[in-house]
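Please open the model in a viewer and keep the sequence at hand. The tour below proceeds by selections, each followed by a description of what is found there.

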Amino acid sequence: MRETGQRTVLAFDFGTKSIGVAVGQEITATASPLPALKAKDGIPDWKVVEQLYSQWEPDVVVVGLPLNMDGTEQEVTQRAKKFANRLHGRFKRPVETWDERLSTADAKAMLFELGGYRKLTKEKVDSVSACVIFTSWAENQYL
C-alpha cells in the first residue's frame with residue numbers, strides 16, 4: 001500500500017445501466033477516463049471489475065454519491081452505497097463515497113469544449129464524470 005499522497009485511485013460514477021470509471025493519481029490530482037462498465041440494474045460484470053483492480057492495483061476507491069441539489073438522498077443514492085459496499089467486500093480495498101453533485105454537467109461541458117456534440121456519448125460522459133469525481137475528492141483530501 002502506497003502512502004497517502006502517492007496512491008492510485010479508481011473512481012466510479014455509479015449508474016444503473018452504465019458505470020463510469022477513471023483511474024487517478026493522488027500525486028498529480030489528475031485522472032484518466034477508462035471504458036465505462038455496462039451494468040444490468042446497477043450490477044456490473046464483476047469479472048471486468050476484477051480485471052480493473054488487477055490492472056491498476058488501486059490503494060483506494062472512490063464511488064460518486066448521487067445526491068439531490070439540497071443534499072438529501074434519492075433512491076439511487078442507496079444503490080451507489082450498496083455498490084461501494086460490494087466493492088469493499090469483494091476486493092478488500094478502502095472505498096470512500098464522494099458527493100458527485102454536478103459531476104455529469106461538468107463532464108458534459110468538458111467534452112463539449114473538446115469536440116462539440118460528437119463527444120457527448122453516454123459512455124464518455126460517465127467516465128469523464130468519474131474523472132470529475134476523482135478530481136473533486138483529491139482536491140479535498142488536503143484542505
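Which residue in S6 is the bridge partner of Val-61? Select Val-61 and follow its pairing into S6: the partner is Val-95. Please bear in mind throughout that this is a predicted model.

**The whole chain**

Colour the protein chain by secondary structure. Four helices and six strands appear, and along the sequence they follow the pattern β-β-β-β-α-β-α-β-α-α. The protein chain has 143 residues, of which 43% count as buried. Its accessible surface comes to about 8000 Å², and carbon and sulfur atoms account for 52% of that area. Among contacts between residues at least 6 apart in sequence, 61% join residues at least 24 apart.

**Strand S5 and its neighbours**

Next, select S5, residues 60–65. This strand is largely enclosed by the rest of the structure, because six of its six residues are buried. Display the side chains: Val-60, Val-62 and Gly-64 point one way, while Val-61, Val-63 and Leu-65 point the other way.

Add S1, residues 8–13. S1 and S5 pair in the parallel sense over four bridges; Val-9 has Val-60 as its bridge partner in S5. Then add S6, residues 95–99, which runs parallel to S5 and is joined to it by five bridges. With H2 also shown, S5, H2 and S6 can be seen to make a right-handed β-α-β unit.

**The nonpolar cores**

In soluble globular proteins, nonpolar side chains tend to be buried together. Select Leu-10, Phe-12, Phe-83 and Leu-87, the residues with the most contacts inside the largest nonpolar core, which has 22 residues. Two or more residues of this core come from each of S1, S2 (18–25), S3 (30–40), H1 (46–56), S5 and H2 (75–91). H2 gives the largest share, five residues.

Now move to Ala-130, Ile-133, Phe-134 and Ala-138. These residues are included in a second, separate core of 11 residues.

**The salt bridges**

How many salt bridges does the structure hold? There are three, and each may be selected in turn.

- Select Arg-7 and Glu-26. Their closest N and O atoms are 2.7 Å apart. Arg-7 lies in the segment before S1 and Glu-26 in the loop between S2 and S3, so that this pair links distant parts of the chain, 19 residues apart. Arg-7 is buried, with a relative accessible area of 12%, and Glu-26 is likewise buried, at 5% relative accessibility.
- Select Arg-79 and Asp-41, whose side chains meet in a salt bridge at 2.9 Å, N to O. Because Arg-79 lies in helix H2 and Asp-41 in the loop between S3 and S4 (43–44), the pair ties together parts that are 38 residues apart in sequence. Arg-79 counts as partly exposed, at 24% relative accessibility, whereas Asp-41 is exposed, with a relative accessible area of 55%.
- Select Glu-73 and Lys-81. Here the closest N and O atoms are 2.6 Å apart. Glu-73 is partly exposed, with a relative accessible area of 39%; Lys-81 is partly exposed as well, with a value of 26%.

**Returning to the start**

To conclude, select S5 once more, with S1 and S6 displayed. Parallel pairing joins S5 to S1 and to S6.

Definitions and conventions. Residues numbered from 1 in each chain as written. Predicted model: local features only at pLDDT ≥ 70, side-chain atom pairs only at ≥ 80, totals over all residues. Heavy atoms only, no water. Core = buried A, V, L, I, M, F, W, Y, C linked by side-chain atoms within 4.5 Å. Buried < 20%, exposed > 50% of the residue type's maximum accessible area, 1.4 Å probe, protein only. Salt bridge = Lys/Arg side-chain N within 4 Å of Asp/Glu carboxyl O. Pairing = 2+ DSSP bridges. Right-handed = clockwise from strand over helix to strand, strands pointing away. Contact = heavy atoms within 4.5 Å. Areas by Shrake-Rupley, 256 points an atom, 1.4 Å probe, with all protein chains shown as cover.
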